Amino acid sequence: MAVESIPRRTVVDLLEARLRDDILNGTHEPGSLLPPERELAAGYGVTRTTLKHALTRLEQAGLLSTRHGIGTRILDYLRVGGADLLPMLAAQDPTWLREVFEVRRHVGVLIAGRAAVRRTARQARRLEDLLRQVADAADADAVQLADAEVHRELARATGNRVYLLLTNTLFNAYLPVRAALRAPFEDAARAADRLAPVVRAVVDRDGEGARRAAETYLAGTEKIMLASLGSPRGRPAADSPR
């Protein structure tokens with residue numbers, strides 16, 4: 001049995017997580033200025049160098065804006081942020097996953113319908129091969145990753161690259177916490193059986209059938225994954241420093 005190594009956390013990592021949590025939970029309100037660096041570093045019990053590194057990361061993430069002579073301001077991420085914030089938001093607050101899955105379902109239905117109309121013969125063969133890989137996957141994590149590849153291929157089959165980027169964005173939001181969402185993928189054969197009607201409808205060029213199958217599949221797996229979050233085993237681990 002493979003065991004995942006525990007990532008080593010630096011002081012900068014821990015401070016970044018603490019600051020991020022304080023921003024997202026409203027301790028530092030949008031539009032407000034952070035205290036001066038010396039005061040902020042003392043408050044968190046770190047050096048100014050460590051603080052600068054953490055603030056730089058959060059600025060790159062779109063949560064802060066630093067201007068020389070003015071200071072560091074908290075940004076309203078819901079107004080100026082983009083989908084690249086979703087992995088961080090979903091890891092910090094599991095309620096975001098409900099909203100991610102709602103969008104996943106609506107976008108996935110559109111993708112399946114388009115893929116059924118636009119897929120090539122090569123893509124049809126590729127989808128069937130990827131479905132077999134779901135059934136043959138060795139464990140729940142491998143099943144989940146194989147399932148993701150089926151959905152990427154469906155998005156690719158639409159011929160619209162934006163659908164593929166949207167699919168990647170949604171996966172990036174919840175795959176980092178996928179260990180908490182493994183319930184629908186514990187049994188490889190059942191996971192493949194759930195997904196098979198989507199692939200079959202796309203291969204058969206049945207647009208309406210593909211949309212119905214995708215709605216059934218995505219709503220069903222969404223329900224199972226969200227239910228699993230309610231159990232201690234299913235809660236994503238928090239990355240909060242002490």
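A residue is called buried when its relative accessible area is under 20%, exposed when it is over 50%, and partly exposed in between, with a 1.4 Å probe and protein chains only. By that rule Phe101 is buried, because its relative accessible area is 0%. The model is predicted, so local features need pLDDT of at least 70 and side-chain atom pairs count only at pLDDT 80 or more, while totals for chains, interfaces and linings use all residues. Residues are numbered from 1 along each chain as its sequence is written, and side-chain values use heavy atoms, with hydrogens and water left out.

Phe101 belongs to one of two aromatic pairs found in a search of the whole structure. Rings of Phe, Tyr and Trp (its six-membered ring) pair if their centres lie within 6.5 Å; planes under 30 degrees apart count as stacked, over 60 as edge-to-face and the rest as tilted. The ring centres of Phe101 and Tyr174 are 5.1 Å apart and the planes are at 65°, so this pair is edge-to-face. Phe101 is in helix H6 and Tyr174 in helix H9, 73 residues apart, and the pair thus links distant parts of the chain. Helices here are DSSP runs (H or I, at least four residues), numbered from the N terminus. Tyr174 is also buried, at 4% relative accessibility. Ring pairs join Phe101, Phe171 and Tyr174 into a cluster.

Two members of that cluster, Phe171 and Tyr174, appear in the lining of the second largest cavity, together with Arg104, Gln144, Asp147, Ala148, Leu175, Phe185 and Met225. A cavity is a set of points, on a 1 Å grid over the protein atoms alone, where a 1.4 Å probe fits but cannot get out, and lining residues have an atom within 4 Å of a point. This second cavity holds about 40 Å³ of space, the volume being the space filled by probe spheres set on grid points joined across faces, edges and corners. H8 supplies the largest share of its lining, three residues.

The search finds two cavities of 30 Å³ or more, and the largest has about 180 Å³ of space. Its lining has 15 residues, with Arg104, Gly108, His151, Thr167 and Leu218 nearest the centre. Helices H6 (95-118), H8 (140-157), H9 (161-174) and H11 (207-228) each give at least two residues to the lining of the largest cavity.

Elsewhere, Gln123 sits in helix H7 (residues 121-136). Gln123 counts as buried, because its relative accessibility is 15%. Apart from neighbours within four places in sequence, Gln123 is in contact (heavy atoms within 4.5 Å) with Arg118, Glu153, Arg156 and Ala157.

Definitions and conventions: 1 Å grid on protein atoms, 1.4 Å probe; cavity = no way out; pocket = protein on both sides within 12 Å on 5 of 7 lines; lining within 4 Å.
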